[in-house]
Amino acid sequence: MSSTKAYRAALLHCLADPREAGAEQSHEYFEDGLLVVEEGKIARIGAASDLLPTLAAGTEVVEYPDALITPGFVDTHIHYPQTGMIASYGEQLLDWLETYTFPTERAFADKAHAGEVAEIFLTELLRNGTTTALVFGSVHKESVDAFFEACEKRNLRMIAGKVLMDRNAPDYLTDTAETGYADSKELIERWHGKGRLHYAVTPRFAPTSTPEQLTLAGQLFKEFPDLYMHTHLSENRKEIEWVRALFPERKGYLDVYDHHGLIGARSVFAHGVHLCDEECQRLGETGSAVAFCPTSNLFLGSGLFDLEKVEDFGVRVGLGTDVGAGTSFSQLQSLNEAYKVMQLQGKKLDPLKSLYLATLGGARALYLDDRIGNLQPGKDADFVVLDYKATPLIDYRMRQARTLVEKLFALTILGDDRAVKETYAAGVSVHRKAS
């Protein structure tokens, strides 16, 4: 039996950043397209009229009328242990951690509990069309084992790590510099590079790690090829003042990480709301990335991320939901809020740029654009089918739309999990919306 399968719908994917290539050159669109998948990889993409006659006899063709196929969404910052505390009321960052986050994460010492939440978390991601994410675990190595086991069953491309935190947190959530290093190393050797899984060295943020722990985290980051480093940076002004008080010998928040060898390719810093020019320059020249997390930045009152300024310095930027401070697993909803963040700064977020941030931009931030991020032949067949008739309002709005860009913009403003008709990972359907 042939492993080849074809999918017919409108097809849209990014080839480059619209900021650099211009809108017309940045994407490829087929109004009636065909996506051919073989052995979990994209084999061909093009107009249905061109490709249908080339298919071998008996090749299954799945048709999606009134739908748009795009690459699977990429989430560059999210916390799976915080799934159960999404939409918690009334605090800004530091109080929010004490009031909600730390008590919630305590339960993840129990691997069975962690496994249950991992299943719920992955189901939500896939329901929302997200096929790759950079994920915080808890301080417990059991939480990361449970997460990777759940990902492995679905053959997902995911990145995760055990939180490192040896001070300024409850005793029940702290490790030590030495145990954090040893537990992380054990997890790396077990999971990094297994199937489509990758490991991230994960200090929660500078205030909850001693210099000794950050030194060992930096050592770990250099020890293994292609590791990731995932942490928080300049989210909240009080947080920044706290970092200055804890590390008075350093020039600033980013310099704490830089000094300890935690900056460079595959380093992803969540938020970056309050970065100075010097920090942006350093991020750009080292190939580091920032995760733009609009729903959580607004929900916690942290501030407005200046996308244009950060990109002016050549910094790679991806999109993050930051659940549970973020208020939705949906990258469509993230783009809705990102548009408003830009509007509040007197700027615009073009719909094609939105698609780029949620797909190829995220893949580039993670140095995975050779494997995911668009629908070019040879890439993993991770893609999402978006329904132009998902709700009565979306259906009505689409019938008024005259251009592709207008349709795309309406999807990012009106869309959520209901717009996701089906999600594929490595060519296998991993979510199908009930009809």
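**Close-up 1. P351 and the residues it touches in this predicted model.** Setting aside neighbours within four places in sequence, P351 is in contact with V405, L408 and F409. All of this comes from a predicted model, so please read the views that follow in that light. P351 sits in helix α14. Is P351 buried or exposed? With a relative accessibility of 9%, P351 counts as buried, because the cut-off for that class is under 20%. For a sense of scale, D370 is 19 residues from P351 in sequence, and their C-alpha atoms are 23 Å apart in space.

**Close-up 2. Helices α13 and α17 packed against one another.** Two packed helices can be described by the angle between their axes and by the distance between those axes. Here, α13 and helix α17 (residues 404-414) meet at an angle of about 100 degrees, and their axes are 6 Å apart. That angle makes α13 roughly perpendicular to α17, because angles of 65 to 115 degrees fall in that class. Which residues make the contact? From α13 come L332, Q333, L335, N336 and Y339, while α17 brings F409, L411, T412 and I413. If F409 looks familiar, that is the residue in contact with P351 in the opening view.

**Close-up 3. A nonpolar patch on the surface.** Three leucines, L298, L304 and L344, form this patch, and together they have about 250 Å² of accessible area. Where does L344 lie? Look for L344 in the loop between α13 (331-343) and α14 (351-358). L344 counts as exposed because its relative accessibility is 62%, and the class begins at over 50%.

**Close-up 4. The salt bridge between R19 and E311.** How many salt bridges does the structure hold? The structure holds 42 of them, and this view picks out the one between R19 and E311, whose closest N and O atoms are 3.8 Å apart. R19 belongs to helix α1 (residues 18-21) and E311 to helix α12 (residues 307-312), so the pair ties together parts that are 292 residues apart in sequence. The two partners fall into separate accessibility classes: R19 is partly exposed, with a relative accessible area of 40%, whereas E311 is buried at 11%.

**Close-up 5. K194 paired with E152.** Side chains of opposite charge can pair when their charged atoms come close. In the salt bridge shown here, the closest N and O atoms of K194 and E152 are 3.3 Å apart. K194 is in the loop between α6 (177-191) and β9 (197-203), and E152 is in helix α5 (residues 141-154), so the salt bridge ties together parts 42 residues apart in sequence. K194 is partly exposed, with a relative accessible area of 38%, and E152 is partly exposed too, at 37%.

**Close-up 6. E223 with K185, and a salt-bridge network.** E223 forms a salt bridge with K185, and their closest N and O atoms are 3.4 Å apart. This pair links distant parts of the chain, with E223 in helix α7 (residues 211-223) and K185 in helix α6, 38 residues apart. E223 is partly exposed, with a relative accessible area of 34%; K185 counts as partly exposed as well, at 26% relative accessibility. An inset turns to another group: salt bridges that share partners join D17, R19, E311, D312 and K353 into one network.

How values were computed. Residues numbered from 1 in each chain as written. Predicted model: local features only at pLDDT ≥ 70, side-chain atom pairs only at ≥ 80, totals over all residues. Heavy atoms only, no water. Patch = residues over 30% accessible without salt bridge, like charges linked within 9 Å, V, L, I, M, F, W, Y side chains within 5 Å. Areas by Shrake-Rupley, 256 points an atom, 1.4 Å probe, with all protein chains shown as cover. Salt bridge = Lys/Arg side-chain N within 4 Å of Asp/Glu carboxyl O. Helix = DSSP H or I, 4+ residues; strand = E, 2+ residues; numbered from the N terminus. Buried < 20%, exposed > 50% of the residue type's maximum accessible area, 1.4 Å probe, protein only. Axes fitted to C-alpha atoms, helices over the stretch in contact; angles between N-to-C directions. Parallel < 35°, antiparallel > 145°, perpendicular 65-115°, else oblique. Contact = heavy atoms within 4.5 Å.
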